[in-house]
Amino acid sequence: MRDLVSQKPCADPQCKTVVGTSLVPGVHCQNCNRDYCLKHRLKEDHDCKNLVPIGARAPSGIDATAEKAKSALEKLRLWGSAKKQQASRVLPKPKPTSNAARLVAVNNLKKTAKGDVKLAPEKRIYLHVEAEAETAKAKFPKGQFFYSKDWVIGRVLDAAARSLQVQNINNQSSDERDKLRVFHVEGGRLLEFNEKLGSVLASGNTIVLLRGVGPPPDLIEV
């Protein structure tokens, strides 16, 4: 094991820290044979598993296929863990009611729901909107709102997050752990950002803002 790291930039391509100095001694990764600053010293912090060790040949043929399969299994395992965590969350359940009861509930919802008053009534879809405790600071904040049936789910999410004062950094982070998603209670599924509101939801439905869950990944990289 090496005790000293010669003075050089951190091996992480996005990092400009110089390692091998008296203040930043640097850490040598035995796996990929590179030197990193303290911030990027851990394998997961410098994407070690996807790096070809310095001095080694890049995998090819059968080895490359095996590496892709291994990567796919790891992605599947992580996605499965996220889904298991999502399933354990306490989410509201749709209540079976008669058509008459649903009509009364929607009429009552229309009296309390907030939204853009300029939106034509025939374009409106009235929803119960909630954010689970893990998503927001307040415990189960909720409200009643109406949105245009022509909006996509991504736009509904942005508006709902603003109304419930939930932090939304979907456009700033590519990490699924940071992303908000919309869960449709009656449909029992996560909605895609590009789905149109009027095609997947009806007035009286409930949606919940969840953070840290998402669709299955592309398992095999090309």
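**Note on the predicted model**

1. Asn33 is partly exposed, with a relative accessible area of 34%. The structure discussed here is a predicted model. Asn33 belongs to the loop between strand S3 (27-29) and strand S4. The phi angle of Asn33 is near 65 degrees, a positive value in a residue other than glycine. For the student, the general background is that most residues other than glycine have a negative phi.

2. A second positive phi occurs at Asp47, where the angle is near 55 degrees, again in a residue other than glycine. Asp47 is placed in the loop between S4 and H1. Its relative accessible area is 39%, so Asp47 counts as partly exposed. A further case is Gln165, just after H3, with a positive phi of about 55 degrees.

3. In the loop between strand S4 (34-36) and helix H1 (62-88) one also finds His46. Is His46 buried or exposed? His46 is buried, because its relative accessible area is 5%, and buried means under 20%. Apart from neighbours within four places in sequence, His46 is in contact with Asp12, Cys29, Cys32, Tyr36, His40, Arg41 and Leu51.

4. How many disulfides does the structure hold? The number is zero. Cys10 takes part in no disulfide, and the nearest cysteine sulfur, that of Cys37, is 3.8 Å away. Cys37 is likewise in no disulfide; the nearest cysteine sulfur to it, that of Cys15, is 3.8 Å away. A disulfide requires two cysteine sulfur atoms within 2.5 Å, which is why a distance of 3.8 Å does not count as one. Cys10 is buried, at a relative accessible area of 5%, and Cys37 is also buried, at 4%.

5. The largest nonpolar core has 22 residues, and those with the most contacts inside it are Leu127, Val129, Tyr147, Leu197 and Leu201. Two or more residues of this core are given by each of strand S5 (124-131), strand S6 (142-148), helix H3 (153-163), strand S7 (180-184), helix H4 (197-200) and strand S9 (206-211). Which element provides the largest share? The answer is H3, with six residues. A second, separate core has nine residues, including Val19, Cys29, Cys32 and Tyr36.

6. Leu201 shows how the largest core is connected across the sequence. Leaving aside neighbours within four places in sequence, the contacts of Leu201 are Ile125, Leu127, Ile153, His184, Leu191 and Ile207.

7. Helix H3 deserves separate attention. Its buried residues are Ile153, Gly154, Val156, Leu157, Ala159, Ala160 and Ala161. The elements that cover these buried residues include S5, S6, S7, strand S8 (189-191), H4 and S9. When reading such a list, the student may recall that an α-helix has 3.6 residues a turn, so residues three or four places apart point the same way.

8. Leu164 lies in the loop between H3 and S7. Leu164 is buried, because its relative accessible area is 12%, and buried means under 20%. Leu164 and Val129 are 35 residues apart in sequence, yet their C-alpha atoms are 8.6 Å apart in space. With neighbours within four places in sequence left aside, Leu164 is in contact with Val129, Glu130, Ala131, Pro141, Lys142, Gly143 and Phe145.

9. The structure holds three aromatic pairs. One of them joins Tyr126 and Phe146 in a tilted arrangement, 5.4 Å from centre to centre and with 50 degrees between the planes. Because Tyr126 lies in strand S5 and Phe146 in strand S6, this pair ties together parts that are 20 residues apart in sequence. Both Tyr126 and Phe146 are buried.

10. What arrangement do the rings of Phe145 and Tyr147 adopt? Their centres are 6.4 Å apart and their planes are at 35 degrees, so the pair is tilted. The class follows because planes under 30 degrees apart count as stacked, those over 60 as edge-to-face, and the rest as tilted. Phe145 is buried, with a relative accessible area of 10%, and Tyr147 is buried as well, with a value of 4%. Phe145, Tyr147 and Trp151 form one aromatic cluster.

Definitions and conventions: Residues are numbered from 1 along each chain as its sequence is written. This is a predicted model: local features need pLDDT of at least 70, side-chain atom pairs count only at pLDDT 80 or more; totals for chains, interfaces and linings use all residues. Side-chain values use heavy atoms; hydrogens and water are left out. Buried means under 20% relative accessible area, exposed over 50%, partly exposed in between (1.4 Å probe, protein chains only). A nonpolar core is a set of buried Ala, Val, Leu, Ile, Met, Phe, Trp, Tyr and Cys residues joined through side-chain atoms within 4.5 Å. Helices (H or I, at least four residues) and strands (E, at least two) are DSSP runs, numbered from the N terminus. Contact means heavy atoms within 4.5 Å. Rings of Phe, Tyr and Trp (its six-membered ring) pair if their centres lie within 6.5 Å; planes under 30 degrees apart count as stacked, over 60 as edge-to-face and the rest as tilted.
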